[in-house]
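Student: Could you take me through one part of this structure up close? I'd like to see how a helix sits among its neighbours, and I'm happy with a long answer.

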Amino acid sequence: MNLAADLALALEAATEAGAVAMRYFGTQMDVRDKSPNNPVSDADLAIDALLKERLLAKRPDYGWLSEETVDDQSRQSARFCWVVDPIDGTRAFIKAKPHFTICIGLLADSQPVLGVVFNPATGEMFDAFQGGGARLNGVVIQPSKVDQLEGCAMLGDPGMFRHPAWPTPWPEMDVVSRNSIAYRMCLVAAGHYDGAIALSAKSDWDLAAAHVIVDEAGALATTHEGAAFVYNQLVPLQKSLVVAGKPLHPLLIERVHHVKLS
């Protein structure tokens with residue numbers, strides 16, 4: 001495995017996929033529901049096909065896991081596996097909101113070692129590989145050093161933080177929402193926001209690429225119980241997400257670790 005070469009391949013594929021996305025962005029496109037409240041567009045499928053062709057043509061022995069490809073489980077016998085979300089934040093994309101990303105991650109022995117997360121609407125290209133640091137448009141990034149909840153900039157559902165069921169009300173924070181989970185993680189990794197919480201299950205393709213970027217930037221990403229993610233399981237699903245800089249992360253876990261999720 002040559003991570004530098006794999007990163008170059010992923011960056012090239014993401015750039016090409018971004019051009020496809022922007023040809024669809026803001027236009028009328030065919031949209032249908034894969035399941036309730038889970039839309040897929042022509043753009044998702046076109047980008048998925050492009051990424052699969054580009055990435056596997058150069059790495060035919062790598063496994064493949066994508067939101068828009070039927071999972072035949074062959075990935076579990078491959079040492080290396082691409083983990084792809086053609087459009088993370090499809091609902092935002094359909095509404096022509098620039099809060100979506102194209103995600104390309106690489107697992108080695110089920111551990112994420114490379115990630116590219118591209119927002120073609122804003123031109124933000126995040127990338128990282130294990131041991132190589134994390135970058136936004138080629139510039140090294142790092143998370144914020146914020147160490148208190150009050151006044152912090154948080155990514156998540158504003159209504160969740162205001163819910164009356166919390167044993168202790170959350171302090172005043174600047175809470176905003178972004179559809180793409182990977183985008184939220186990268187914005188925290190770059191220090192644009194201090195933390196992000198999602199108290200619902202997330203798929204490997206939502207997290208793997210951005211997780212490498214978070215790690216290499218020097219932030220932390222875990223479940224809401226503080227547990228590490230385990231990738232490339234039979235069902236590629238993670239319980240929840242808490243991501244923040246190292247000073248803030250334990251304060252968030254302390255607030256949410258007791259929550260029981262179905």
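Tutor: Sure, let's start with the pair H5 and H6. Keep in mind that this is a predicted model. Helix H5 covers residues 181-189, and its axis comes within 9 Å of the axis of H6, with the two crossing at roughly 5 degrees. An angle under 35 degrees counts as roughly parallel, so H5 and H6 are roughly parallel to each other.

Now look at who meets whom. H5 brings Ile-181, Ala-182, Met-185, Cys-186 and Ala-189 to the contact, and on the H6 side they meet Asp-206, Leu-207, Ala-210, His-211, Ile-213, Val-214 and Ala-217. Sort those residues by type and you get 10 nonpolar, one polar and one charged.

Let's zoom in on one of them, His-211, which is found in helix H6. Its relative accessibility is 8%, and because buried means under 20%, His-211 counts as buried. Leaving aside residues up to four places away in sequence, His-211 touches Pro-112, Met-185, Ala-221, Phe-229 and Tyr-231. You've already met Met-185: that residue is part of the H5 side of the helix pair.

Next, the sheet. It is an open one with seven strands in the order E3-E4-E5-E6-E7-E8-E9, and the pairing is mixed. At the edges are strand E3 (63-66) and strand E9 (139-140), each of which pairs on one side only.

You can follow the mixed pairing strand by strand. E3 and E4 run parallel and are joined by four bridges; on this side, Leu-65 has Val-83 in E4 as its bridge partner. E4 and E5, on the other hand, pair in the antiparallel sense, over seven bridges, and here Trp-82 is partnered with Leu-106 in E5. E4 itself is mostly covered, with nine of its nine residues buried. Further along, strand E7 (residues 124-129) and strand E8 (residues 134-136) are antiparallel too, with three bridges between them. Find Phe-126 there, and you'll see Leu-136 of E8 standing opposite.

Here's where our helix comes back in. Helix H6 (residues 204-217) packs on this sheet and touches E3, E4, E5, strand E6 (111-119), E7 and E8, while its direction makes about 100 degrees with that of E6. So H6 is a good helix to turn around on your screen: H5 packs with it, and it packs on the sheet as well.

Another helix to find on the sheet is H2. This one lies across E3, strand E4 (80-88) and strand E5 (101-108), running at about 155 degrees to E4. H2 (residues 42-58) also has a helix partner, H1 (residues 3-24): the two pack at an angle of about 160 degrees, with axes 10 Å apart. That angle makes H1 roughly antiparallel to H2, and their crossing is right-handed.

The H1 side of this contact includes Leu-9, Ala-13, Val-20 and Tyr-24, while the H2 side includes Ala-46, Ile-47, Leu-50 and Leu-55. By type, the residues of the H1 and H2 contact divide into 14 nonpolar, no polar and four charged. Put that beside the pair we began with, where the split is 10 nonpolar, one polar and one charged.

Key. Residues numbered from 1 in each chain as written. Predicted model: local features only at pLDDT ≥ 70, side-chain atom pairs only at ≥ 80, totals over all residues. Heavy atoms only, no water. Axes fitted to C-alpha atoms, helices over the stretch in contact; angles between N-to-C directions. Parallel < 35°, antiparallel > 145°, perpendicular 65-115°, else oblique. Left-handed = near helix turned anticlockwise from the far one by under 90°. Contact = heavy atoms within 4.5 Å. Nonpolar A, V, L, I, M, F, W, Y, C, P; charged D, E, K, R; others polar. Pairing = 2+ DSSP bridges. Buried < 20%, exposed > 50% of the residue type's maximum accessible area, 1.4 Å probe, protein only.
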